[in-house]
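This report goes through one protein chain, from a surface patch to its charged pairs and its largest pocket. The sequence and the structure come first.

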Amino acid sequence: LSMHDEWEQERDICRADPLLDIGQRMIACLEGATLPFQTPIVDASLPNTLAKLRDRSLKGSAALAHLAGSLDPDETVVSGGHVDGEDLPIQANVLEAVWKYLRAGRLDEA
């Protein structure tokens, strides 16, 4: 049998057994998640949020009412506040990097 024939046989077996097909796809996904990946370098500075929190002229203003009280990553959950809208792409990059570390089993680095 050639390799081509083996691939066709495997494809036919997976078509006949959808559960096997799902299982093989899950294994491939999990194996891929643990492959080494390039360590993401992420800017997590949130410059617009920081500038508004530091601006004393905004103290007590509506501009600060929606912002989180600090740059702690958990602060948005604790206070219900948000980062500045212009910093949302930065926050998304940070969350993506954390997710990649978690998927790769690198919890300490996440």
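In which helix is the place of Leu102? Leu102 sits in helix H6, which covers residues 88–103. The model is a predicted one, and the values below are computed from it.

**Surface patch**

Leu102 belongs to a nonpolar patch on the surface, together with Trp99 and Leu107. The accessible area of these residues together is about 340 Å². Leu102 has a relative accessibility of 39% and counts as partly exposed, because that class lies between under 20% for buried and over 50% for exposed.

**Overall make-up**

The chain holds six helices and zero strands. Read from the N terminus, the order of elements is α-α-α-α-α-α. Of its 110 residues, 15% count as buried. About 8,400 Å² of the chain is exposed, and carbon and sulfur atoms supply 59% of that area. Among contacts with a separation of 6 or more, 48% come from residues 24 or more positions apart.

**Salt bridges**

How many salt bridges does a search of the whole structure find? The search finds three. They are listed here with the distance between the closest N and O atoms.

| Acidic residue | Basic residue | Closest N and O atoms |
|---|---|---|
| Asp12 | Arg11 | 3.6 Å |
| Asp21 | Arg25 | 3.1 Å |
| Asp84 | Lys52 | 2.6 Å |

In the pair of Asp84 and Lys52, the closest N and O atoms are 2.6 Å apart. This pair links distant parts of the chain, with the two positions 32 residues apart in numbering: Asp84 is in the loop between H5 and H6, and Lys52 is in helix H3 (residues 47–54). Is Asp84 buried or exposed? Asp84 is buried, because its relative accessible area is 5% and the class takes in values under 20%. Lys52, at 28% relative accessibility, counts as partly exposed. The loop that holds Asp84 follows helix H5 (75–79) and leads to H6. Leaving out residues up to four places away in sequence, Asp84 touches Asn48, Thr49, Lys52 and Leu67, so its salt-bridge partner Lys52 is among the residues it contacts.

Asp21 and Arg25 both lie in helix H2 (residues 18–33). They are four residues apart, about one turn of the helix. Asp21 is partly exposed, with a relative accessible area of 21%, whereas Arg25 counts as exposed at 58% relative accessibility.

Arg11 and Asp12 form the remaining pair, with a distance of 3.6 Å between the closest N and O atoms. Arg11 is partly exposed, at a relative accessible area of 40%, and Asp12 is also partly exposed, at 40%.

**Largest pocket**

What is the space in the largest pocket? About 270 Å³ lies there. The pocket is lined by 15 residues, and those nearest its centre are Leu46, Leu71, Pro73, Gln91 and Val94. H5 and H6 are the elements that give two or more residues to the lining. H6 gives the most, with four residues. Helix H6 is thus also the element that holds Leu102 of the nonpolar patch.

How values were computed: Residues are numbered from 1 along each chain as its sequence is written. This is a predicted model: local features need pLDDT of at least 70, side-chain atom pairs count only at pLDDT 80 or more; totals for chains, interfaces and linings use all residues. Side-chain values use heavy atoms; hydrogens and water are left out. Patches are made of residues with over 30% relative accessible area and no salt bridge: like charges are joined within 9 Å, nonpolar side chains (Val, Leu, Ile, Met, Phe, Trp, Tyr) within 5 Å. Accessible areas come from the Shrake-Rupley method with a 1.4 Å probe; for residues, only the protein chains shown count as cover. A salt bridge is a side-chain nitrogen of Lys or Arg within 4 Å of a carboxyl oxygen of Asp or Glu. Buried means under 20% relative accessible area, exposed over 50%, partly exposed in between (1.4 Å probe, protein chains only). Contact means heavy atoms within 4.5 Å. On a 1 Å grid over the protein atoms alone, a cavity is a set of points where a 1.4 Å probe fits but cannot get out, and a pocket is an open set with protein on both sides within 12 Å along at least five of seven lines; lining residues have an atom within 4 Å of a point. Grid points are joined across faces, edges and corners, and a volume is the space filled by probe spheres set on the points.
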